[in-house]
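Hi there,

Here is the structure I promised to pass on. Have a look at it first, and then read on for what turned up.

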Amino acid sequence: KKIVIVGGVAGGASTAARLRRLDENAQIIMFEKGEYISFANCGLPYYIGGTINEREKLIVQTVEAMSSKFNLNIRNLSEVVKINKEEKKVVVKNHKSGETYEETYDTLVLSPGANPIKPPIPGIDECDNLFTLRNIPDTDKVKAYVDNKKPKHAVVIGGGFIGLEMAENLHELGIKVTLVEASDQVMAPLDIEMVSIVHDHLIDKDVELILKDGVNSFADKGGKVILSSGKEIVTDMIILSIGVKPETTIAKDANIKLNERGAIVVDEYMKTSDENIYALGDAVEIMDFVNKKPTMIPLAWPANRQGRIVANNICGKNEKYKGTLGSSVAKVFDYTVATTGNNEKILKRLGIDYEVIHIHPGSHAGYYPGAFPIAMKMTFDPKTGKIFGAQGVGMDGVEKRIDVMATAIKGGLTVFDLQDIEPCYAPPYNSAKDPVNMLGYYAE
Ligand code: FAD
């Protein structure tokens with residue numbers, strides 16, 4: 001069996017490692033067009049901010065270590081530029097030597113990820129201080145710019161996870177940040193009344209927050225950002241973090257089925273429209289676990305989980321991917337913001353009947369020092385009690401409650417079961433009635 005994997009980071013490396021565990025004899029070749037495999041994408045903003053202080057810590061596996069540990073043929077700086085699915089071959093460009101060659105496969109796995117969106121905003125190509133963040137070379141560029149140019153002001157465009165993490169990390173370096181977001185809120189997975197806590201906190205932390213205003217153009221090589229409202233911001237650097245788009249050109253050229261946003265369409269076994277090709281991670285369309293509609297959720301948990309499932313299926317296990325909940329968490333200065341499942345915006349858009357509960361319990365017993373309220377919101381079906389989603393914002397213990405809710409949703413528990421969840425309790429950690437129990441009591 002000869003398996004070729006395109007992409008050597010989250011999804012690709014998980015697939016390769018699992019494949020080797022299942023099959024000692026398979027020939028496994030993993031191509032990565034960049035220099036680094038298996039690096040810590042999620043840690044990049046924290047290296048820029050200095051919380052992670054050694055660059056090596058970002059590199060989870062080297063080509064040499066992973067190749068020998070798992071007996072893999074890993075080729076970095078090697079880009080798959082074409083898929084010939086009829087002949088079951090890929091064309092590879094070696095960026096070290098410049099040479100191009102073919103490699104055959106029995107099964108091909110695509111985990112090429114997603115690229116930061118960089119729209120053709122007037123002036124963007126002339127900016128020499130504008131950065132996007134996806135990989136280690138991007139991170140090196142931002143870090144070198146910050147270290148050498150000592151910027152005093154930055155504009156972060158886009159209030160998603162990466163934008164907020166960058167805003168905080170640049171702030172940590174003493175850089176004044178203006179955050180520009182075209183919609184009326186940052187962090188789309190939160191509903192507006194929940195995210196207003198985050199907005200206030202950003203302002204408290206001296207981030208200039210500009211909502212409902214997009215970028216119209218850049219002037220002075222990025223020294224000036226001009227917004228749709230006409231407002232002009234003079235700045236030293238720009239982070240563009242307005243989302244990602246699947247990196248699927250080679251799949252498209254090979255006539256592998258894509259959705260209208262360019263994501264690879266896969267079945268529940270993660271197989272593409274071609275019998276011999278699987279795909280996973282940020283590049284694919286998957287099913288929303290709650291509403292069962294197709295969606296795209298570029299997060300690390302799905303990429304890792306799907307990698308394991310793809311490997312299992314290549315080895316004949318016929319395992320289904322059950323869908324993505326989109327459980328996510330972010331540190332926003334002193335707050336932790338976490339969500340899982342469907343929020344009110346999604347349910348409204350889909351015309352699903354729902355009810356909402358808001359509570360503000362303490363993170364642990366109020367008489368023990370250091371308890372903070374957690375703002376929690378749950379969406380659910382008033383008829384069946386099915387839990388659609390949960391959101392939490394607070395200083396402590398937020399993600400643990402959202403993790404319990406995510407477990408409840410995946411396990412098929414209803415709001416009526418929440419009273420009976422029995423979490424561990426002692427005053428420094430919890431109250432005898434956990435916030436998740438409280439949601440259950442209110443829902444009754
Ligand atoms: P990737 O991990 O991006 O790997 C794809 C690889 O394929 C790339 O290295 C690319 O160079 C390579 N490739 C593409 N095309 C080719 C080709 N033709 N030939 C050879 N190689 C190719 N997720 C979370 O859940 N939590 C977080 O806190 C979080 N933080 C993040 C912070 C940042 C700054 C970034 C950028 C991402 C973050 N993510 C986070 C998202 C998470 O990293 C991704 O969801 C995950 O890495 C997706 O895995 P993947 O295998 O699909 O893609």
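Which residue forms a salt bridge with E193? The partner is K377, and the closest N and O atoms of the two are 2.6 Å apart. Please keep in mind as you read that this is a predicted model.

That pair links distant parts of the chain, since E193 sits in helix 6 and K377 in strand 25 (residues 375-380), 184 residues apart. The two ends also differ in their surroundings: E193 is partly exposed, with a relative accessible area of 31%, whereas K377 counts as buried, at 0%. Both belong to a network of salt bridges that also takes in D191, E344 and K348.

Salt bridges elsewhere

A search of the whole structure finds 24 salt bridges. Two others may help you find your way around.

One of them joins K176 to D206, with 3.4 Å between the closest N and O atoms. K176 is in strand 11 (residues 176-180) and D206 is in the loop between helix 6 (192-204) and strand 12 (208-210), so this pair ties together parts 30 residues apart in sequence. Both residues are partly exposed: K176 has a relative accessible area of 31%, and D206 has 46%.

In the other, the side chains of R305 and E319 meet at 2.9 Å, N to O. R305 belongs to helix 8 (residues 300-314), while E319 lies in the loop between helix 8 and strand 22 (328-332), so the parts tied together here are 14 residues apart in sequence. R305 is partly exposed at 27% relative accessible area, and E319 is partly exposed at 22%.

The nonpolar cores

Now for the inside. In soluble globular proteins, nonpolar side chains tend to be buried together. In this model, the largest nonpolar core has 48 residues. Those with the most contacts inside that core are M66, I83, V90, L108, L110, I264 and M270. A second, separate core has 40 residues, including F39, V156, I239 and V337.

If you would like one residue to start from in the largest core, try I83. Leaving aside residues up to four places away in sequence, I83 touches K89, V90, Y105, L108, L110, I250, A251, A254, I256 and I277.

A buried loop residue

Is L133 buried or exposed? L133 is in the loop between strand 9 (130-131) and helix 4 (136-149). With a relative accessible area of 13%, L133 is buried, because the cut-off for buried is under 20%. Not counting residues up to four places away in sequence, L133 touches L44, P45, I48, P116, D138, T139, I162 and M166. The C-alpha atoms of L133 and I52 are separated by 16 Å, and the two residues are 81 apart along the chain.

The cavity

Finally, the structure holds one cavity of 30 Å³ or more, with about 30 Å³ of space in it. Its lining is made up of F161, M187, P189, L190, S328, V329, V337, A338 and T339. Strand 22 and strand 23 (335-341) are the elements that give two or more residues to this lining, and strand 23 gives the most, with three. By class, seven of the lining residues are nonpolar, two are polar and none is charged. You have already met V337, which is in the second core and also lines this cavity.

Enjoy exploring!

Best wishes

Notes:
Residues numbered from 1 in each chain as written. Predicted model: local features only at pLDDT ≥ 70, side-chain atom pairs only at ≥ 80, totals over all residues. Heavy atoms only, no water. Core = buried A, V, L, I, M, F, W, Y, C linked by side-chain atoms within 4.5 Å. Buried < 20%, exposed > 50% of the residue type's maximum accessible area, 1.4 Å probe, protein only. Contact = heavy atoms within 4.5 Å. Helix = DSSP H or I, 4+ residues; strand = E, 2+ residues; numbered from the N terminus. Salt bridge = Lys/Arg side-chain N within 4 Å of Asp/Glu carboxyl O. 1 Å grid on protein atoms, 1.4 Å probe; cavity = no way out; pocket = protein on both sides within 12 Å on 5 of 7 lines; lining within 4 Å. Points joined across faces, edges and corners; volume = space filled by probe spheres on them. Nonpolar A, V, L, I, M, F, W, Y, C, P; charged D, E, K, R; others polar.
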